[in-house]
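User: I've got a model open and I'd like to learn how to read it feature by feature. Can you walk me through it?

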Amino acid sequence: APPPPRRLQPGERPASPLVAALLVPGRVTLVDYTATWCAPCQQLAPQLEAFAASRSDLVLRKLDASDWVAADLQAHLPGEAGLPVLDVYGADGRLLARLVGPACFGFASAVPPPP
């Protein structure tokens with residue numbers, strides 16, 4: 001049997017083709033795993049959108065997990081218990097930071113400064 005998926009570490013590229021397709025080469029990409037039933041996700045969304053709109057060097061991508069079952073969560077976010085989750089990828093497509101739960105609201109400190 002194949003080994004179980006493991007949590008993505010800083011410096012690694014996304015294992016999920018779904019996530020890899022969201023990354024924008026040459027720009028910092030924020031991947032917001034969100035769901036309609038996730039109240040913190042809904043509170044986080046306008047903050048992320050305003051931040052992304054203020055920075056031409058980054059892009060915000062949303063991955064709707066509203067219909068995910070536990071197996072989907074483990075396939076795309078192994079090791080995470082639930083939402084919200086925010087991944088910050090560098091311009092080179094490598095993970096800089098993964099923020100989970102309340103830590104997502106401190107996203108600005110995980111994003112590199114503009115060039």
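Analyst: Sure, we'll go from the overall fold down to single residues. Keep in mind that this is a predicted model.

User: What is the order of the elements from the N terminus on?

Analyst: Start by listing helices and strands, then read their order. Here the chain has 3 helices and 4 strands, and from the N terminus they run α-β-α-β-α-β-β. The radius of gyration is 13 Å, close to the 13 Å the globule rule gives for 115 residues, so the chain is as compact as a globular protein of that length.

User: What size of box do the C-alpha atoms fill, and how much of the chain is buried?

Analyst: Along the principal axes, the C-alpha atoms fill a box of roughly 45 × 30 × 20 Å. Buried residues account for 46% of the 115 in the chain. The accessible surface comes to about 6,000 Å², and 62% of that belongs to carbon and sulfur atoms. For contacts, look at sequence separation: among those with a separation of 6 or more, 64% are between residues 24 or more positions apart.

User: Let's zoom in on a strand. Which strands pair with E3, and in what sense?

Analyst: For a strand, check its partners on each side, then where its side chains go. E3 covers residues 85-89. Strand E1 (residues 28-34) pairs with E3 in the antiparallel sense over 5 bridges. Strand E4 (residues 95-100) is also antiparallel to E3, again joined by 5 bridges.

User: Which residues stand opposite each other?

Analyst: On the E1 side, aspartate 32 is opposite leucine 86 of E3. On the E4 side, tyrosine 89 faces leucine 95, and valine 85 stands opposite valine 100.

User: Are the side chains of E3 buried or exposed?

Analyst: Split them by direction. Val85, Asp87 and Tyr89 point one way, Leu86 and Val88 point the other way, and all are buried. That matches the count for the strand, where 5 of 5 residues are buried.

User: What should I look for at the two ends of E3?

Analyst: Backbone geometry is a good place to look. On the way in, proline 84 lies in the loop between helix H3 (70-76) and E3, and the peptide bond from leucine 83 to proline 84 is cis, with omega near 0 degrees. On the way out, E3 and E4 form a hairpin with 5 residues between them, and glycine 93 in that turn has a positive phi of about 85 degrees.

User: How many aromatic pairs are there?

Analyst: A search of the whole structure gives 2. One of them is phenylalanine 51 with phenylalanine 107, an edge-to-face pair at 5.1 Å centre to centre with 75 degrees between the planes. The pair links distant parts of the chain: phenylalanine 51 is in helix H2, phenylalanine 107 is in the segment after E4, and they are 56 residues apart. Both phenylalanine 51 and phenylalanine 107 are buried.

User: Now single residues. Is aspartate 57 buried or exposed?

Analyst: Check accessibility first, then the surroundings. Aspartate 57 has a relative accessible area of 15%, and the cut-off for buried is under 20%, so aspartate 57 counts as buried. Its place is in the loop between helix H2 (39-53) and strand E2 (58-64). The side chains of aspartate 57 and arginine 55 make a polar contact of 2.7 Å. Beyond four places in sequence, aspartate 57 is in contact with Arg27, Val28, Pro113, Pro114 and Pro115.

User: And threonine 36, buried or exposed?

Analyst: Threonine 36 is exposed, at 62% relative accessible area. It sits in the loop between E1 and H2. Leaving out neighbours within four places, threonine 36 is in contact with Gln42 and Ser66.

User: One more: what does arginine 7 touch?

Analyst: Not counting residues up to four places away, arginine 7 touches Glu12, Pro78, Gly79, Glu80 and Arg98. For the polar part, its side chain reaches the backbone oxygen of glycine 79 at 2.4 Å and makes a polar contact with the side chain of glutamate 80 at 2.8 Å. Arginine 7 is found in the segment before helix H1 (17-20) and is partly exposed, with a relative accessible area of 38%.

Notes. Residues are numbered from 1 along each chain as its sequence is written. This is a predicted model: local features need pLDDT of at least 70, side-chain atom pairs count only at pLDDT 80 or more; totals for chains, interfaces and linings use all residues. Side-chain values use heavy atoms; hydrogens and water are left out. Buried means under 20% relative accessible area, exposed over 50%, partly exposed in between (1.4 Å probe, protein chains only). Two strands pair if DSSP finds at least two bridges between them. A polar contact is a pair of N or O atoms within 3.5 Å; within protein, one must be able to donate a hydrogen and the other to accept it, and residues adjacent in sequence count only if both atoms are side-chain atoms. Contact means heavy atoms within 4.5 Å. Rings of Phe, Tyr and Trp (its six-membered ring) pair if their centres lie within 6.5 Å; planes under 30 degrees apart count as stacked, over 60 as edge-to-face and the rest as tilted. The radius of gyration is taken over C-alpha atoms; the globule rule is 2.2 Å times the number of residues to the power 0.38. Accessible areas come from the Shrake-Rupley method with a 1.4 Å probe; for residues, only the protein chains shown count as cover.
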